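Me: I should be grateful for a close look at one part of this structure. Please describe the salt bridges and the sheet beside them in one connected account.

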Amino acid sequence: MITIKDVFEDYRKQINGVYDANEIEAITLLAISEITGMSNASIKAFPERVLSEEQAESANNVVAELKTGKPIQYIFGITEFYGLPFKVNRYVLIPRPETEELVEWVLSTVGNRQFAVDSDQLKMQILDIGTGSGCIAISLKKNLSEANVSAIDISKGALETAKGNAELNNVEVNFIEADILSIKSEIQIPKSDIIVSNPPYVTLEDKKQMHTNVTDFEPHTALFVPEHDPLLFYRAIAEFALDNLNPEGQLFFEINEGFGKETVQLLTDKDFKNIELRKDMSGRDRMIRCLIS
């Protein structure tokens, strides 16, 4: 017989070295919850509960995958972002907590402005560039139901995943397949009041410091940029924003913490105004907001 307590002990032994103690605890809790349908409180309250044979086998299968470094979100194919469920797979990055802070910043900014909503043409227009799982666009639409939200990505697989996530969360988002580095003239992208993006920004030097559960499993096109041009996507998106933001429109970025000053300078050189660099909950430079001149 295998109990919940046994699973915790087994996971501690099996994935020690792959994750630290706090991560192992959280991962095991998530695994047991997914496998049994129990709440976290119940799992902690009843450590002697015996798992069924099927549940015990599932727990063994999951830990075998965890030992390879595969993230638990990919194992179960689902995660949570901004209180909403999102399907994830090899086509999309796993949404991060700091990106929730970016969404919160956009929402709090919008809350301070008045947008006309009496006709579709006058509704607030939001564009998410490099949408991946759709977590930013869908979370914004869920909380700003009156806005028109569009999202672009170069990856067909990512867009299919994002469309599924929009259905999962009962929102309508206009998904567009496009490469922000080379937008084709025939692609219709609406002018926006807000453009938001969490583009690729990890350099090869950064990669050396990253856990293999990221570098071996998450899509490289969504992560990495050339070492010689780490601001490649920020430059392209800023130039796109100059032509595609409405008057007084705002641009929001998640950024590489090592290039905060450089990203601010890039936006300054392109004559954006009211540029604000913001730290995340860990005290790292991770977000920028600016206005079109």
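Reply: In this predicted model, the side chains of Glu65 and Lys70 meet in a salt bridge, with 3.2 Å from N to O. Glu65 is partly exposed, since its relative accessible area is 30%. Lys70 is also counted as partly exposed, at 24% relative accessibility. Under the rule applied here, the count of salt bridges comes to 13.

Another of these pairs is formed by Lys156 and Glu177, whose side chains meet at 3.0 Å, N to O. Lys156 belongs to helix H8 and Glu177 to strand S5, so this salt bridge ties together parts that are 21 residues apart in sequence. The relative accessible area of Lys156 is 56%, which makes this residue exposed, whereas Glu177, at 40%, counts as partly exposed.

The helix and the strand just named lead to the sheet. Seven strands form this open sheet, in the order S5-S4-S3-S6-S7-S9-S8, and their pairing is mixed. Strand S5 (174-177) and strand S8 (273-279) are the edge strands, each of which pairs on one side only. From one strand to the next, the twist averages 15 degrees. Helix H8 (residues 156-168) packs on the sheet, where it touches strand S4 (148-153) and S5. The direction of helix H8 makes about 175 degrees with that of S5.

Elsewhere in the sheet, strand S6 (residues 192-197) and strand S7 (residues 245-254) run parallel and are joined by five bridges. Ile195 stands opposite Leu251 in S7.

A further salt bridge involves a loop that follows from S7. The side chains of Glu257 and Arg284 meet at 3.4 Å, N to O. Glu257 lies in the loop between S7 and helix H12 (260-269), and Arg284 lies in the loop between S8 and strand S9 (285-291), so the pair ties together parts that are 27 residues apart in sequence. Glu257 is counted as partly exposed at 41% relative accessibility, and Arg284 is likewise partly exposed at 27%. In addition, salt bridges that share partners join Glu98, Glu254 and Arg286 into one network.

To return to the request, the account may be drawn together as follows. The salt bridge of Lys156 and Glu177 links helix H8 with strand S5, and helix H8 packs on the sheet in contact with that strand. The salt bridge of Glu257 and Arg284 links two loops, one between S7 and helix H12 and one between S8 and strand S9.

Terms used. Residues numbered from 1 in each chain as written. Predicted model: local features only at pLDDT ≥ 70, side-chain atom pairs only at ≥ 80, totals over all residues. Heavy atoms only, no water. Pairing = 2+ DSSP bridges. Helix = DSSP H or I, 4+ residues; strand = E, 2+ residues; numbered from the N terminus. Axes fitted to C-alpha atoms, helices over the stretch in contact; angles between N-to-C directions. Contact = heavy atoms within 4.5 Å. Salt bridge = Lys/Arg side-chain N within 4 Å of Asp/Glu carboxyl O. Buried < 20%, exposed > 50% of the residue type's maximum accessible area, 1.4 Å probe, protein only.
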